[in-house]
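Trainee: Could you walk me through one part of this model, the sheet, and show me how its strands are arranged?

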Amino acid sequence: GGCRTRKNMKRILFVHHISRIGGASFCLLNILKALDRGRFEPMVCLASEGPLADEIRRIGLRCIIFPSMSTFPYNRPLAEPSSMMSCIRIAMSLGGFARLLKTNSIDIVYLNNMMLWPYLRPAREAGCRTVLHVREHWPLNEHRRQLEAARSFAGKYADRIVAINSFSASMFSGLEERTEIVMDWSDVDARCAGPGLSDVLGEDMAGRKAFLFTGGFNRIKGALEVMKAFTSEIRDNDARLVVLGAVPLRSSGLKFRMKQVLDRLGYHDYHYQIQKALAADSRIVCRDAVYDFGRIAKESSGFLSWFTIPHANLALAECIMLGVPCLAADNEEAREYTGGGEYALLTPAGDYPAFRQALAAFASSPDLYRSKAAAGSPALRKMFDAGANAARLNELLAGL
């Protein structure tokens, strides 16, 4: 046996490589909740146990753990040791993935991000229909062979491609007839019942400035640059930078001491630089990610984002929907999500001095950028409307 087809009901396996709760995980949960359960029987395959697996089971769905799952390197040289190991792990896991599909009689395989593309072939060979959900922003002039390999596999083995925005769709030129743009819809209004700024910070923030950054300590989201810019440009002692999604960093032990020594020798570990930035400014407050973050955002003085590598920025769109002033790096997604820069302040990507200047201007004109966000809110709500995007996705799946 291959993948069997049941009358009037298709079994879909959603494949996702991590069990942390983050952007793609939130979006997967939204898809699972909006799926037409009269037509589809969803199951989820993850590489490990974790918060996402717990949440999937909480909503009543079966979760399969496939520990050997791996992802293709994302816009990195294949000669790097980590890239080679990823490719080896993928190759060794393909047979097990094919057996998993047959054992569970899967009809449709839904890969929840582009970097799972090698699993398209065993899915097709097992007799399944296939969907590749492209969430990435791969610059078209970088590591072209890897990108072409993904395109080639999609051309041969993907029945449909779901892209989260126009740029993601453009990465698969030549496959337009199979590609559908489905925005990662947002339930941001339902996420405003959580804690406020004073609750999160443990101090009364009434009448005080607090800027919100949701990128944790992530390098590609510009965590260090945002912290340093805040320290240098926001001089108000009562102001705060609230960093959500921050994972505690070890400040003792052999590894930490080695980072200290290397730093003195001129070799600067990124996370050690973050630790130094935090030690230098007690106004920067780190907290765990908060799913119900809407109230925090609305009570803040503004949302800060400075992606060092372009990719989708759903938090930017959500804050505009809530009428929150926003400052972000200028890239294709940011322009698509801000009406070409009309709804937020965009600053040139990769230009840190320009970002610092933009932050100073942003902080001094809160009413201007709040009014811009309010003006853009209706357009963004329409773009990210849950009903319209969920209907588009259900129709695409039904067509399989």
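Mentor: Happy to! Let's start with one pair: strand 1 (residues 10-15) and strand 2 (residues 40-46) run parallel and are joined by six bridges. One residue to look for is Phe14, whose bridge partner in strand 2 is Val44. A word on terms: helices (H or I, at least four residues) and strands (E, at least two) are DSSP runs, numbered from the N terminus, and two strands pair if DSSP finds at least two bridges between them. Strands of a sheet pair through backbone hydrogen bonds, either parallel or antiparallel.

Please keep in mind that this is a predicted model, where local features need pLDDT of at least 70, side-chain atom pairs count only at pLDDT 80 or more, and totals for chains, interfaces and linings use all residues. Residues are numbered from 1 along each chain as its sequence is written, and side-chain values use heavy atoms, leaving out hydrogens and water.

Now for the whole sheet: it is open, has seven strands in the order 3-2-1-4-5-6-7, and its pairing is parallel. Strand 3 (62-65) and strand 7 (179-181) are at the edges with a single partner strand each, so one side of each has no neighbour in the sheet. From one strand to the next, the twist averages 25°; axes are lines fitted to C-alpha atoms, for helices over the stretch in contact (heavy atoms within 4.5 Å), and angles run from 0 to 180 degrees between N-to-C directions. Finally, find helix 2 (residues 51-58), which lies across strand 2 and strand 3 and runs at about 150° to strand 3.
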